[in-house]
Amino acid sequence: MTALSKDPARFAETAIDGEVVVMPLDTGDFFSLTATAAAIWRLIDGTRDRAQLLGALAAEYGAEPSAIAAEVDAFLAQLRSAGLVRESA
Amino acid sequence: MVAALGRSQFVHFCDDTLLLDLSDIGPPLCHPGHKRLKLWPDGAALAGVEAGDMVATHYAKHFVAPPSLAEEPLPLAELSLLTQAERAGFTTLSLGERIAVLDADHQSVRLWLAARRVDRAGRFAELATLSRRFAMTQFFRPFSPNRFAEGISTAAKHILEAAG
């Protein structure tokens, strides 16, 4: 399994009322994550790979994993690109 | 707006500059303003207040005496950002918007952060904490003089509702 995990040394975060605000420390820019984006961020905890994350998110929102896979992958690509998420064996 | 609100049921607290005490936990403490209220003649006419002495012979603003002045500090309940719009109203800012507003270049919070001597992560933590200490909204109103009253009545209604 290749688990998705965050790199806490690279960002600061705060959350309230279902909204998560993340700041990569190298840029200082803010990302506001709400709804499914916040849910994905929460599910990236180092215990799930992509398929398990898709499954958990699909169960939470009552959707088919295949129906949400493209959008989840796009968001994960953004997180990887920002250096916030990595995959580890 | 301050003059017009002061004409109705609100005590004048400050204009232009608000002194904030951020040293305690909970809502920041606001101190009544030390500057005298000054308006251009058309602003005084719009607010329906009497223009007093001119500020200076070469500066055509006039001093205006508010009907009542606040004397005691008060906790900050809400920070509203004024924005021009076709219709008057208020919207609540999200957490991300609140942090971004507090971090904006024109906000004097930068002075406060500089005094705290924090790094980037510390700055974020300070802004996140500060953003939770009071509500923040965006106040939309038309800037056209003939719709001035619309903004005033919307603001007055919102203040009364926020005060409970």
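**Exercise 1. Find how far apart the centres of domain 1 and domain 2 of chain B lie, and describe the interface between them.**

Step 1. Chain B is divided into domain 1 (1-76) and domain 2 (77-164), with bounds that come from an automatic or database domain assignment, and 18 Å separate the two centres, taken over C-alpha atoms. The model is a predicted one, in which local features need pLDDT of at least 70 and side-chain atom pairs count only at pLDDT 80 or more, whereas totals for chains, interfaces and linings use all residues. Residues are numbered from 1 along each chain as its sequence is written, chains are lettered from A in the order in which they are written, and side-chain values use heavy atoms, with hydrogens and water left out.

Step 2. Counting contacts (heavy atoms within 4.5 Å), 15 residues of domain 1 of chain B touch 16 residues of domain 2 of chain B. The buried area (accessible area, 1.4 Å probe, that two parts lose on being put together, summed over both) is about 1300 Å², and carbon and sulfur atoms give 74% of this. B:Met1, B:Leu22 and B:Leu76 supply 45% of the area that domain 1 of chain B buries against domain 2 of chain B, more than any other three residues.

Step 3. The rule for salt bridges (a side-chain nitrogen of Lys or Arg within 4 Å of a carboxyl oxygen of Asp or Glu) finds zero across this domain interface.

**Exercise 2. Describe the interface of chain A and chain B, and say which residues of chain A lose the most area there.**

Step 1. Here 14 residues of chain A are in contact with 14 residues of chain B, and the area buried between the chains is about 1100 Å², of which carbon and sulfur atoms give 69%. On the side of chain A, the residues that lose the most area to chain B are A:Thr14, A:Ile16 and A:Phe30, together 44% of what that side buries.

Step 2. Between chain A and chain B the rule finds zero salt bridges.

**Exercise 3. Is A:Asp17 buried or exposed, and what is the sign of its phi?**

Step 1. A:Asp17 is found in the loop between strand 2 and strand 3 of chain A, where strands are DSSP runs (E, at least two residues) numbered from the N terminus.

Step 2. Phi of A:Asp17 is near 50 degrees, a positive value in a residue other than glycine.

Step 3. A:Asp17 has a relative accessible area of 78% and is therefore exposed (over 50%; buried is under 20%, partly exposed in between, with a 1.4 Å probe and protein chains only).

How values were computed
Helix = DSSP H or I, 4+ residues; strand = E, 2+ residues; numbered from the N terminus.
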